[in-house]
Amino acid sequence: ERFVLVIEDIPGQALRLHLSRPTLALTLDQKIAVTRGLLGALAHAHAYQVVHRSLSPATILVTKEGRVSITNFDYARAGTERSHTISGEALEDLDAAYLAPECQGNLSAATAASDVFSTGFILYEVFLGSRPFTNPAELHQRRGVFPVRLASTGPELPAGFEAWIQTLCAYDPLERPSAAETLSALEEILITPRPD
């Protein structure tokens, strides 16, 4: 007669808190660990054809041990069947700053590539400290090309890292890599020595 949803109680902080509170600021190693964890979790969801559709720093938890969990699958879509959707109502509740261009005003267009785009925006903010665009109009005008270069913030990022994040935010969803491909590319960047 009743449905019961059992969920894990994760002792952690939303990534949003780490980005907004200086006392919770992440080190470079922690940022890279968060990046790996986020991409690994997203690749796992996509392997089961689950599209999150509402990724933002508020839907990502980071534990004290550095484990990353994606939360708030309220608006997720499982499988490819699109006959039943709540995408119209969901747009009012989502953080539009992280939506892929194809999802602006049309959440039913969301795919795994849209999640990858949102992840790129989140990672830009993790490493630079601010969102790449001030509003969706600027995103469309610049066709997803970042106005401020990550490399200008300091020499600590591995070579190729900025270009790697930019590929996640390709304006055309067909040009974006999958979450699994993105994680593999990250590992290649991290093991490549930085030129002197």
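1. Two strands count as paired if DSSP finds at least two bridges between them. By that rule, strand 3 (residues 60-63) and strand 4 qualify: three bridges join them. The two strands run antiparallel. One pair of residues can be picked out in the structure: V62 has V68, in strand 4, as its bridge partner. Keep in mind that this is a predicted model.

2. The sheet around that pair. Strands 3 and 4 belong to an open sheet of three strands, in the order 1-3-4. Pairing in this sheet is antiparallel. Strand 1 (12-14) and strand 4 (68-70) stand at the edges. Each has a single partner strand, so one side of each is left without a neighbour in the sheet. From one strand to the next, the twist averages 30°. As background, strands of a sheet pair through backbone hydrogen bonds.

3. What lies across the sheet? Helix 2 (residues 28-47) lies across strand 3 and strand 4. Helix 2 runs at about 40° to strand 4.

4. The overall build. The protein has seven helices and five strands. Read from the N terminus, the elements go β-α-α-β-β-β-β-α-α-α-α-α. Take the contacts between residues at least 6 apart in sequence: 64% of them join residues at least 24 apart.

5. Burial and surface. Of the 196 residues in the protein, 41% are buried. The accessible surface comes to about 10900 Å². Carbon and sulfur atoms account for 54% of that surface.

6. The second largest pocket. Its volume is about 200 Å³. The lining holds 14 residues. Nearest the centre of the pocket lie H18, V62, T63, K64 and G66. V62 is thus named twice in this note: it sits in this lining, and it is the bridge partner of V68. Strand 1, helix 2 and strand 3 each supply at least two residues of the lining. Which element gives the most to the lining? Helix 2 does, with three residues. This is the helix that lies across strand 3 and strand 4.

7. The enclosed space. Rolling a probe the size of a water molecule over the atoms shows where empty space is left. How many cavities of 30 Å³ or more does the structure hold? It holds one. The largest cavity has a volume of about 30 Å³. The residues that line this cavity are R53, S54, L99, C103, L107, S114, D115 and S118.

How values were computed:
Residues numbered from 1 in each chain as written. Predicted model: local features only at pLDDT ≥ 70, side-chain atom pairs only at ≥ 80, totals over all residues. Heavy atoms only, no water. Helix = DSSP H or I, 4+ residues; strand = E, 2+ residues; numbered from the N terminus. Axes fitted to C-alpha atoms, helices over the stretch in contact; angles between N-to-C directions. Contact = heavy atoms within 4.5 Å. Buried < 20%, exposed > 50% of the residue type's maximum accessible area, 1.4 Å probe, protein only. Areas by Shrake-Rupley, 256 points an atom, 1.4 Å probe, with all protein chains shown as cover. 1 Å grid on protein atoms, 1.4 Å probe; cavity = no way out; pocket = protein on both sides within 12 Å on 5 of 7 lines; lining within 4 Å. Points joined across faces, edges and corners; volume = space filled by probe spheres on them.
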